[in-house]
Amino acid sequence: MGDVHWRELYHEVVDTGLCTGCAACVMACPRDVLGYTDDYFPVQVGEGHAYDQCTIGDRGCDICTRACPRFRNWESDLDEVLFGQPRDRDQVYGFTRSILLTRATDAGIHEAGQDGGLVSQLLIWGLDNDMIDGALTSAIVDKRGPFDSEPALVTDKAGVLATAGSRYTYSANPLAMADAEEAGLKQLALVGMSCQSSINGTVEAYGVNKYKRKIALTIGLLCSKTFTYDGQKQVLAEHGIAIGDVVKVNIKGRYMVWLRDGTYQELPLKLFHPYTRPGCKLCPDFAAEHADISTGGIGADDNWTLTLVRTERGEEWMKGVIDAGLVEARPGEDDPVAMNLLTRLSTVSRKRWPTDAVPADAVAPGLLPLA
């Protein structure tokens, strides 16, 4: 990009509401002049600097703009570099090599996971076979309160299983790269929601070579939105549920809650919509379209993971766990509910992307419109 810096990134992405809070810019900043707020946004840090100015960037550093998966022509550029061609208008969930229903064959791994346990099994297999020496994911913490989450680095099976499952508060998992660098790790898997998994394409398309060499696999999680922690806590409390008693949450058209006492409750999902995290409101990517492997539990059977294998290295990893007997797979078409939801939710998300969200004098962001 060369001639654009933090100032352009701030005004075209952060200030317009296009920023998802993925923290790619913070992760990639070579001088640590970008920070990250509790409201999930990147900020300029350091004394004497305006919010939209960066002394390093003003002298020529453009790495934050190259890492960002929502800056200017991000979708078309990433499609070209990862898949070798622009997508058609009807490819609402992006390019795929195969679509599968998968689940881990190990009962312990399967049960620890959110649905079929595929993500956990992939990470464990990668660690066992020295394909990665760590994974960037999220862990439950008590930062703002019980059942909150934050970025986490895991390096063994116990760590993988301890961080398995989904949380519907946002965690900027790329920030765990700082721990990986401090530990001297060389090959990493990144597990993240759709916005975060697009980093898989930006590091390749825009030559963020430091992280291109380090990220050995990107696993994207199908995601239509996340909710604020305080919002979830409030809705649960209004229905007599203490968030500290929650052990698992799932969303399948309704908000599903498992509690420490072994009971289960369901709440209407619409109750949580007012607490949608701002960074999700304009995100067009439900299907983690630029991950190596995209996964989600949106089918009729909670015990299987809908799996979109997108890249050559994603295909190699899937072949590895299937050939090793660690994962069983069948065609995605076996579950028409999952396939229909994939298309419908991807279409809904793509309609969010605004055509006039950037200043008039900026380069309009590129997203192929729906037919």
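Two rings of Phe, Tyr and Trp (its six-membered ring) count as an aromatic pair if their centres lie within 6.5 Å. The structure used in these exercises is a predicted model.

**Exercise 1. Aromatic pairs**

Find how many aromatic pairs the structure holds, and classify the pair of Tyr 40 and Tyr 170.

Solution.
1. A search of the whole structure gives eight aromatic pairs.
2. For Tyr 40 and Tyr 170, the centres are 5.7 Å apart and the planes make 85°.
3. Planes over 60 degrees apart count as edge-to-face, and the pair of Tyr 40 and Tyr 170 is of this kind.
4. Tyr 40 belongs to the loop between β1 (34-36) and β2 (42-44), and Tyr 170 to the loop between α8 (157-162) and α9 (177-182), so the pair ties together parts that are 130 residues apart in sequence.
5. Both Tyr 40 and Tyr 170 are buried.
6. The ring of Tyr 40 also has the charged end of Arg 277 over it, 5.3 Å from the ring centre.

**Exercise 2. A second ring pair**

Classify the pair of Trp 258 and Tyr 264, and state whether Trp 258 is buried or exposed, or in between.

Solution.
1. The ring centres of Trp 258 and Tyr 264 are 4.9 Å apart, with the planes at 50°, so this pair is tilted.
2. Trp 258 has a relative accessible area of 27% and is partly exposed.
3. Tyr 264, at 35% relative accessibility, is partly exposed too.
4. Elsewhere, ring pairs join Phe 227, Tyr 255 and Phe 272 into a cluster.

**Exercise 3. The open sheet**

Give the strand order of the open sheet of eight strands, name its edge strands, and find what packs on the sheet.

Solution.
1. The order is β5-β4-β6-β7-β11-β12-β3-β13, and the pairing is mixed.
2. β5 (148-154) and β13 (327-331) pair on one side only, which makes them the edge strands.
3. On average, neighbouring strands of this sheet are turned by 30° against each other, direction ignored.
4. At the β13 edge, the partner is β3 (residues 98-104), with five bridges in the antiparallel sense.
5. One bridge partner is Ala 329 in β13, for Thr 102.
6. Helix α15 (residues 336-350) packs on the sheet and touches β3 and β12 (305-309). The direction of α15 makes about 60° with that of β12.

**Exercise 4. A residue of the edge strand**

Describe the surroundings of Arg 330, which lies in strand β13.

Solution.
1. Arg 330 has 26% relative accessibility and counts as partly exposed.
2. With neighbours within four places in sequence set aside, Arg 330 is in contact with Leu 100, Leu 101 and Trp 304.

**Exercise 5. Helix α7 and the cores**

State how many residues of helix α7 (residues 118-128) are buried, and which residues of the largest nonpolar core touch the most other members.

Solution.
1. In α7, 10 of the 11 residues are buried, so the helix is largely enclosed by the rest of the structure.
2. Among the buried residues of α7 are Leu 118, Gln 121 and Trp 125.
3. After α7 comes Asp 130, with a positive phi near 55°.
4. The largest nonpolar core has 46 residues, and Trp 6, Leu 9, Met 177 and Tyr 211 touch the most other members.
5. Elements giving two or more residues to this core include α1 (6-14), α9 and β6 (188-193).
6. Another core, of 25 residues, lies apart from the largest one, and Ala 104 and Val 309 are among its residues.

Definitions and conventions:
Residues are numbered from 1 along each chain as its sequence is written. This is a predicted model: local features need pLDDT of at least 70, side-chain atom pairs count only at pLDDT 80 or more; totals for chains, interfaces and linings use all residues. Side-chain values use heavy atoms; hydrogens and water are left out. Two strands pair if DSSP finds at least two bridges between them. Helices (H or I, at least four residues) and strands (E, at least two) are DSSP runs, numbered from the N terminus. Axes are lines fitted to C-alpha atoms, for helices over the stretch in contact, and angles run from 0 to 180 degrees between N-to-C directions. Contact means heavy atoms within 4.5 Å. Rings of Phe, Tyr and Trp (its six-membered ring) pair if their centres lie within 6.5 Å; planes under 30 degrees apart count as stacked, over 60 as edge-to-face and the rest as tilted. Buried means under 20% relative accessible area, exposed over 50%, partly exposed in between (1.4 Å probe, protein chains only). A charge sits over a ring if NZ of Lys or CZ of Arg is within 6 Å of the ring centre and within 35 degrees of the ring normal. A nonpolar core is a set of buried Ala, Val, Leu, Ile, Met, Phe, Trp, Tyr and Cys residues joined through side-chain atoms within 4.5 Å.
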